[in-house]
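Subject: Structure handover

Hello,

Here is the structure I promised to pass on. Please open it first, then read the notes below.

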Amino acid sequence: RPRLITKSLATLEREVLDPARFVRVHRSAIVNTAKIVAVEPLFHGDVSLVLDGGTRVDCSRRYRDRLEERLYFTT
């Protein structure tokens, strides 16, 4: 059953989630890097992440460096 989380994404990122597994990719999204199956380019430096199961999550330019660093060091 779904649980309501009242913490901000910044708090979850900083205090709850394992930074070795999760990365912030947008002001409204954090993803588990193990679930990323593809990275597709979009416009102006943004990318779209395809997660296993087919879900797509956009990664903005602001967070792209963090994503690339995390993907590079976890593979």
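**Salt bridges first**

Glutamate 40 and arginine 56 form a salt bridge, with their closest N and O atoms 2.6 Å apart. This pair links distant parts of the chain. Glutamate 40 sits in strand β3, arginine 56 in strand β5, and 16 residues separate them. Glutamate 40 is partly exposed, at a relative accessible area of 32%.

Please keep in mind that this is a predicted model.

How many salt bridges does the structure hold? The count is 7. Another of them joins arginine 24 to glutamate 13, and here the closest N and O atoms are 3.5 Å apart. Arginine 24 belongs to strand β1 (residues 22–26) and glutamate 13 to helix α1 (residues 9–16), so the pair ties together parts that lie 11 residues apart in sequence. Is arginine 24 buried or exposed? Its relative accessibility is 10%. The cut-off for buried is under 20%, so arginine 24 counts as buried. Glutamate 13 is partly exposed, with a relative accessible area of 27%. These two residues also belong to a network: salt bridges link Glu13, Arg24 and Arg66.

One more pair is worth finding on screen. The side chains of arginine 61 and aspartate 46 meet in a salt bridge, at 3.9 Å from N to O. This one also links distant parts of the chain. Arginine 61 is in helix α2 (residues 61–74), aspartate 46 is in the loop between β3 and β4, and they are 15 residues apart. Arginine 61 counts as exposed, at 57% relative accessibility. Aspartate 46 counts as partly exposed, at 25%.

**The sheet**

Now to the strands. An open sheet is formed by 3 strands, in the order β3-β4-β5, with antiparallel pairing. Which strands stand at the edges? They are β3 (36–41) and β5 (56–59). Each has a single partner strand, so one side of each is left without a neighbour in the sheet. From one strand to the next, the twist averages 25°. As background, strands of a sheet pair through backbone hydrogen bonds, either parallel or antiparallel.

Take the β3 side of the sheet. β3 and β4 pair in the antiparallel sense over 5 bridges. One bridge sets alanine 38 against valine 50 in β4. The two strands form a hairpin with 5 residues between them. In that turn, histidine 44 has a positive phi of about 60°.

Then the β5 side. Strand β4 (residues 47–51) pairs with β5 over 4 bridges, again in the antiparallel sense. Leucine 49 stands opposite valine 57 in β5. Serine 48 stands opposite aspartate 58, also in β5. β4 and β5 form a hairpin too, with 4 residues between them. Glycine 53 in this turn has a positive phi of about 100°.

**Strand β4 up close**

Why is β4 described as largely enclosed by the rest of the structure? Of its 5 residues, 5 are buried, so the description fits. In a regular strand the side chains alternate between the two faces of the sheet. Here, Val47, Leu49 and Leu51 point one way from β4. Ser48 and Val50 point the other way. All of them are buried.

**The whole chain**

Finally, the overall picture. The secondary structure comes to 2 helices and 5 strands. From the N terminus on, the elements run α-β-β-β-β-β-α. The radius of gyration is 12 Å, close to the 11 Å that the globule rule gives for 75 residues, so the chain is as compact as a globular protein of that length. Taken along the principal axes, the C-alpha atoms fill a box of roughly 35 × 25 × 25 Å.

Of the 75 residues, 27% count as buried. The accessible surface of the chain comes to about 5800 Å². Carbon and sulfur atoms account for 51% of that surface. Among contacts with a separation of 6 or more, 28% come from residues 24 or more positions apart.

Best wishes

Methods: Residues numbered from 1 in each chain as written. Predicted model: local features only at pLDDT ≥ 70, side-chain atom pairs only at ≥ 80, totals over all residues. Heavy atoms only, no water. Pairing = 2+ DSSP bridges. Axes fitted to C-alpha atoms, helices over the stretch in contact; angles between N-to-C directions. Salt bridge = Lys/Arg side-chain N within 4 Å of Asp/Glu carboxyl O. Buried < 20%, exposed > 50% of the residue type's maximum accessible area, 1.4 Å probe, protein only. Rg over C-alpha atoms; globule rule 2.2 N^0.38 Å. Contact = heavy atoms within 4.5 Å. Areas by Shrake-Rupley, 256 points an atom, 1.4 Å probe, with all protein chains shown as cover.
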